[in-house]
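Student: Could we go through this structure together? I'd like to learn how the labels people use are actually justified.

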Amino acid sequence: MTTKPARTRLAPSPTGRFHLANARNALYSYLLARQTGGQFILRIEDTDQKRFVPGAEEVIVRSLDWLGISPSESPFHGGIYGPYRQTERREIYLQHAQLLVNGGHAYPCFCTSERLNQMRKEQEARKVDRVRYDGTCRLLDPDDAARRIAGGEKYVIRFKMPYEGTTTAHDHVRGDIVIENKYLDDYVLLKSDGLPTYHLAAIVDDHEMKITHVLRSAEWLPTFPLHVQIVRAFGWDEPVWVHPSIMLKPSGKGKMSKRDTAAAMKDGHSIFIDDLNELGYLPEGVLNWIAFMGWGVAEDDVMTLDQMVERFSIDSLTPSPAAINFQKLDHFNGTHIRLLTTEDLAARIKPYLTGAGLDVPHETLLKVTPLIRERLVTLDDSLAFATFFFKDTVEPNPEDLIAKGLDAKQSAEIARRSHEILASLPDISHQTAEPPMREYVERSGYNANQVFGIVRVAVTGQRVSPPLFESMEIIGRENVLERLRNAAQMLEKM
RNA sequence: GCCCCCAUCGUCUAGUGGACUAGGACGCAGCCCUUUCAAGGCUACGACCGGGGUUCGAAUCCCCGUGGGGGCACCA
């Protein structure tokens, strides 16, 4: 591809959590920028001070960093097109709003919210197709308006939307979108607090920051023609507009709600990036999962970030809404876990183990890791599979100690015998331990399931574990023997 | 209610008029491997929303239905 460097942006508001849709827009933006040798930047859209959530900006940056798709310009990274926080750009919007007013594309409006509410009520009563600003202040004499502003009267700046005609906006994913202007409105561009609304701020910033491709969620489609009109009113060139599909809840019925996110969390899943991190997901897995939600690839498969950079194209983005599929997340996560080197995986597992209060010697962890690797879906699954390696004793459930089809007495015998056999061995490596144990299975008349099952529960404290003999080798001779003794005693008392 | 968008297996998707007996992935089922659980391998099941056109020929183009989604703020 011989495209010129793309400048892309992620422009979230610091009003809540950083979720899947944010991450996916960020990913695609990042991919496009890196692929073309351009820049991916982060701009904070904090013009709604009422909804501002302290700390939200940090979560955004942390999430991006964790995913490995950090911006090169942002309030935190700096950059020559800053400031990257909209509240710090007031003057710029003020000037641009004035430009629009001077050009006859916008006008000051003094209508109070009370009047607006009443107006809306009346229009609804009349059952108009589209409730829309009635244009009262459009007719104001400019000098008059200027005097009222000078007099300190509160006002907003509204866009002067044509009452007739149509607007055609071109979305790269969907093609031309045509709408009759009468269904649009005289949107407020500058609020009475002097801060811009999204419509003005985003358009001005994207231009000022030399953004070439605007990637944003399809929720913006309804006001997309407005944005195009604003760009044209300024006389600027349009960026390439790209609206990836909306993400739906797993059932496919609507967007994720509070309820849905809570339900997902109960299931060990989440749409929030910081949650995913804590839940034990890998950034690689999350990225791979997100990548395919709205990006149509013929043979989708595991992909690394670098491979995505290579293969990504805004031409293959899909327009239809996509249901979130957490099972696929699990699949990709497991796959990426298996792709990690032992050292890497061990390092990532460790916090989950130590976090549970376990003392985790690194050498032991390195031996354990290959044993549990293909059993992990998330990193915290390591707790279920590896805890017994790092404890001095285990407390098996007595009932689990009794093998299927046998009674306590027989099971005790097996435990005792196994102890004897293992105790007689020079070492307990799986190479030396397995043959005599298998021989015992043959001779005893019990089956492998029964014998190894008892030993497994005795030694690991659980019915499900990594491979028995390899595990015993790591646990160590003395420890294994003791656990077997305890189990035999337990069984004999039953 | 109005506007906009969308429509291929349960889900994510490939498909840009003939190469489609419609391909892949997840999930699901079965088999193999196996001391448990996984992982892995193999196999099966499984879709072009409906109706009209256009065309020699339509999953692919057009129209109308229907269904789903999104949006109708001095929020983004």
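Tutor: Sure, we'll take the labels one by one and test each against its cut-off. Keep in mind that this is a predicted model.

Student: Why is the pair Phe110 and Tyr155 called tilted?

Tutor: The ring centres are 6.1 Å apart, and rings pair if their centres lie within 6.5 Å. The planes are at 45 degrees. Under 30 degrees would be stacked and over 60 edge-to-face, so this pair counts as tilted. By this rule the count comes to 15 aromatic pairs.

Student: What makes this pair a tie between separate parts of the chain?

Tutor: Look at where the residues lie. Phe110 is in the loop between β3 (106-109) and α4 (113-125), while Tyr155 is in the loop between α5 (142-150) and β4 (156-159). Those parts are 45 residues apart in sequence, so the pair ties them together.

Student: How do you know whether Phe110 and Tyr155 are buried or partly exposed?

Tutor: Buried means under 20% relative accessible area. Phe110 has 9%, so it counts as buried. Tyr155 has 24%, which is not under 20% and not over 50%, so Tyr155 counts as partly exposed.

Student: What makes people say that Arg148 sits over the ring of Phe110?

Tutor: The charged end of Arg148 is 4.1 Å from the ring centre, and the distance cut-off is within 6 Å. Arg17 does something similar: it lies over the face of Phe272, at 4.0 Å from the ring centre.

Student: Arg17 has a charged partner as well. Why is its contact with Asp274 called a salt bridge?

Tutor: The closest N and O atoms of Arg17 and Asp274 are 3.0 Å apart. The cut-off is within 4 Å, so the pair qualifies. In sequence, the parts it ties together are 257 residues apart: Arg17 lies in the loop between β1 (7-10) and α1 (20-36), and Asp274 in helix α9 (residues 273-278).

Student: How do you know that Arg17 and Asp274 are partly exposed?

Tutor: Arg17 has 40% relative accessible area and Asp274 has 22%. Both values fall between 20% and 50%, so both residues count as partly exposed.

Student: What makes Lys255 and Glu219 a salt bridge, too?

Tutor: Their N to O distance is 2.9 Å, which is within 4 Å. Lys255 is in the loop between β10 (247-248) and α8 (258-266), and Glu219 is in the loop between β8 (213-215) and α7 (224-234), 36 residues apart. Lys255, at 48%, is partly exposed, and so is Glu219, at 38%.

Student: Where does the pair Asp260 and Lys249 sit, and is it buried or exposed?

Tutor: Asp260 is in helix α8 and Lys249 in the loop between β10 and α8, 11 residues apart. Both residues are buried. Their salt bridge has an N to O distance of 3.1 Å. By the same rule, the count comes to 33 salt bridges.

Student: Let's finish with RNA strand B. How do you know that Asp48 makes a polar contact with it?

Tutor: A side-chain N or O atom of Asp48 is 2.8 Å from a sugar or linking oxygen of RNA strand B, and the cut-off is within 3.5 Å. For Gly294, a polar backbone atom is 3.4 Å from a phosphate oxygen, so that contact also passes.

Student: Which residues come nearest to RNA strand B?

Tutor: Of the 64 residues around it, Ser13, Lys191, Glu374, Arg375 and Ser465 come nearest.

Definitions and conventions:
Residues are numbered from 1 along each chain as its sequence is written. Chains are lettered from A and ligands numbered from 1 in the order in which they are written. This is a predicted model: local features need pLDDT of at least 70, side-chain atom pairs count only at pLDDT 80 or more; totals for chains, interfaces and linings use all residues. Side-chain values use heavy atoms; hydrogens and water are left out. Rings of Phe, Tyr and Trp (its six-membered ring) pair if their centres lie within 6.5 Å; planes under 30 degrees apart count as stacked, over 60 as edge-to-face and the rest as tilted. Helices (H or I, at least four residues) and strands (E, at least two) are DSSP runs, numbered from the N terminus. Buried means under 20% relative accessible area, exposed over 50%, partly exposed in between (1.4 Å probe, protein chains only). A charge sits over a ring if NZ of Lys or CZ of Arg is within 6 Å of the ring centre and within 35 degrees of the ring normal. A residue is near a molecule or strand if one of its heavy atoms lies within 4 Å of it. A polar contact is a pair of N or O atoms within 3.5 Å; within protein, one must be able to donate a hydrogen and the other to accept it, and residues adjacent in sequence count only if both atoms are side-chain atoms. A salt bridge is a side-chain nitrogen of Lys or Arg within 4 Å of a carboxyl oxygen of Asp or Glu.
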